[in-house]
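Colleague: I should like a close look at one part of this protein, chosen so that its surroundings can be described as well. Please begin with the chain as a whole and then turn to the part in detail.

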Amino acid sequence: MAENKDNVILVDDKEKKKRESLFVFGNNIAEIPCFRKSFLVGISSGLGGGIAYFLLTSNTRRAPHVAFGSYFLATLATWAHCRYNWSANRFKQRQLQKGLEMKVMYEGTEIERQMLTNSDSKEV
């Protein structure tokens, strides 16, 4: 009985997490790389930019426009920078993985010996 009760609790927790997630166009936004960071930076810069503009100029009609503009630009810039770095790291990881697969595949064969002798002759 205790095992069944624990299993039910675990299933309930998983279902609760699924319900708490926000899906946009069929994608869980919590699983999109860089999403959280870029929107937090955008929200804080929009808030700061709008308040700073209002305090400096006291223009109530223009301050929301400045706030939204700074939110949009900061979100877009952070998203682009983060995704570029994420893509570069992912590319490097794939290259490394492919290299390791090739190393394992050629390990102990004549091809590996040829590659080692060729790399040794190039270094000298």
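**Helix α3 and its surroundings**

Modeller: Of the contacts in the protein chain with a separation of 6 or more, 60% are between residues 24 or more positions apart. The model is predicted, and the mean pLDDT of the protein chain is 84, with 82% of the residues scoring at least 70. Confidence is not uniform along the chain: among its elements, α2 has the highest mean pLDDT, 95, whereas helix α1 (residues 2-20) has the lowest, 58. Where pLDDT is low, the predicted coordinates should not be read in detail.

The protein chain contains 4 helices and 2 strands, and from the N terminus on these elements follow the order α-β-β-α-α-α. Buried residues account for 11% of its 124 residues. The accessible surface amounts to about 10,700 Å², and carbon and sulfur atoms contribute 62% of that area.

The part I have chosen is helix α3, which runs over residues 63-106. This helix has 44 residues, and the distance from its first C-alpha to its last is 64 Å, close to the 64 Å expected at 1.5 Å a residue. Its buried residues are A63, A67, A74, T75, T78 and C82. Helix α2 is included in what covers them.

T78 serves as an example from this helix. Its relative accessible area is 15%, and T78 therefore counts as buried, the limit being under 20%. Leaving aside residues up to four places away in sequence, T78 touches K37, S38 and V41. These three partners fall within the span of helix α2, residues 35-57.

Helix α2 also carries residues that face outward, one of them being L55. Because its relative accessible area of 63% is over 50%, L55 is classed as exposed. Together with L47, I51 and F54, L55 makes a nonpolar surface patch of about 420 Å².

At the other end of the chosen part, G108 comes just after α3 and takes a positive phi of about 80°. The structure holds 2 salt bridges. In one of them, the side chain of K103 meets that of E112, with an N to O distance of 3.1 Å. The two partners differ in exposure: E112 is buried because its relative accessible area of 16% is under 20%, whereas K103, at 45%, counts as partly exposed. K103 falls within residues 63-106 of helix α3.

The other salt bridge joins R113 and E110, whose closest N and O atoms are 3.3 Å apart. Both residues belong to helix α4 (residues 110-123), where they are 3 residues apart, or about one turn of the helix. An α-helix has 3.6 residues a turn, so residues three or four places apart point the same way. R113 and E110 are both partly exposed, R113 with a relative accessibility of 46% and E110 with one of 48%.

In summary, helix α3 spans 64 Å between its first and last C-alpha, and its buried residues have α2 among their cover.

Technical notes: Residues numbered from 1 in each chain as written. Heavy atoms only, no water. Patch = residues over 30% accessible without salt bridge, like charges linked within 9 Å, V, L, I, M, F, W, Y side chains within 5 Å. Areas by Shrake-Rupley, 256 points an atom, 1.4 Å probe, with all protein chains shown as cover. Salt bridge = Lys/Arg side-chain N within 4 Å of Asp/Glu carboxyl O. Buried < 20%, exposed > 50% of the residue type's maximum accessible area, 1.4 Å probe, protein only. Expected span 1.5 Å × (residues − 1). Contact = heavy atoms within 4.5 Å. pLDDT = per-residue confidence, 0-100.
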